[in-house]
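Please open the structure in the viewer and keep the selection tool at hand. The tour proceeds by a series of selections, each followed by a description of what is found there.

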Amino acid sequence: MPRFFVPASDITGGQATLRGTEFRHLQRVLRLREGDHVTLFDDAGREHAGIILSLSPRVAVVRITVSTVPARESPLAITLYQAIPKGRKMDLVIEKATELGVHGIVPFVSAFCMGTAAGATGKHERWQRIALAAAKQSGRTSVLTIAAPETFAEAIASGARDDLRLLFFEGAGASPLAAVPDPPSAPATAAVVIGPEGGFSRDEVAAARNAGFLILAIGPRVLRTETAALAAATLVQARWGDLGRPAPARPSEPEDA
């Protein structure tokens, strides 16, 4: 069933109003009509089954038939601190990180980065569109947020507030994730830091360690930055998040009313 994002503020009196990009996708791309069934999700974690009530040149009104709060978001809020890569590699990271349940991405610039903060700022709107499309496709009930670019020092300072602080690096002194003991209580937040194509400098690794980050290796091989980001997110979700757990039941398609 087609799935669309709608702000909770646009849902009133049992009806939702779709505008802008989501409306254009509904009407011009999918060519849906009045009476068609759709699924909506909002920014309050709710999902809504509905029927298109009316279409105007710029707005679609959907009558909501069923609203639920599905358990599809991970109990572990992972923030992926990703060194800005060259080209369009970040597009892949954003799409797949969304599918893996990552909560947010913070692009940052480090000593050996091939991407720039200025370039990342110019790509932010496209990146957010990719995150929205991936959330719709994967059945998430929230959209991954992408922060403004930071310096490495700012990223480490931000991540130091999380319950888990993990920097993945193939250099000397890195331990496997399996060697990390479980914290006394289940972590609620995690900072996962991934370096650029050129890796981290020794000073950066030392700064992260001094800020309380564990310096970890993903495995015996050197991975590309986009591969490392997704492998790390998968490993952390599998251990402390929700990967490997039974999928929640999907609601059946509503009857016409």
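The stops below begin with a sheet, continue to its helices and end at two individual residues.

**The sheet.** This is a predicted model. Begin by selecting the open sheet of six strands, whose order is β1-β4-β5-β6-β3-β2 and whose pairing is mixed. The edges are formed by β1 (3–5) and β2 (11–12), each of which pairs on one side only.

**A strand pair within the sheet.** Next, select residues 47–55, strand β5, together with residues 60–68, strand β6; the two run antiparallel and are joined by eight bridges. Within this pair, display Leu55, which stands opposite Ala60 in β6.

**The packed helices.** Add residues 20–29, which form helix α1; this helix packs on the sheet and touches β1, β3 (15–18), β5 and β6. The direction of α1 makes about 160° with that of β1. Then add helix α3, residues 117–138, which also packs on the sheet, where it touches β1 and β4 (37–41). For α3, the angle with the direction of β1 is about 140°.

**Ser110.** Move to the loop between β8 (104–109) and α3, and select Ser110 there. Is Ser110 buried or exposed? Its relative accessibility is 9%, below the 20% limit, so Ser110 counts as buried. Leaving aside residues up to four places away in sequence, Ser110 touches Ala83, Phe152, Pro196 and Glu204.

**Arg31.** Finally, select Arg31, in the loop between α1 and β4. Arg31 is a residue other than glycine with a positive phi, near 55°. With a relative accessible area of 63%, Arg31 is exposed.

Conventions. Residues are numbered from 1 along each chain as its sequence is written. This is a predicted model: local features need pLDDT of at least 70, side-chain atom pairs count only at pLDDT 80 or more; totals for chains, interfaces and linings use all residues. Side-chain values use heavy atoms; hydrogens and water are left out. Two strands pair if DSSP finds at least two bridges between them. Helices (H or I, at least four residues) and strands (E, at least two) are DSSP runs, numbered from the N terminus. Contact means heavy atoms within 4.5 Å. Axes are lines fitted to C-alpha atoms, for helices over the stretch in contact, and angles run from 0 to 180 degrees between N-to-C directions. Buried means under 20% relative accessible area, exposed over 50%, partly exposed in between (1.4 Å probe, protein chains only).
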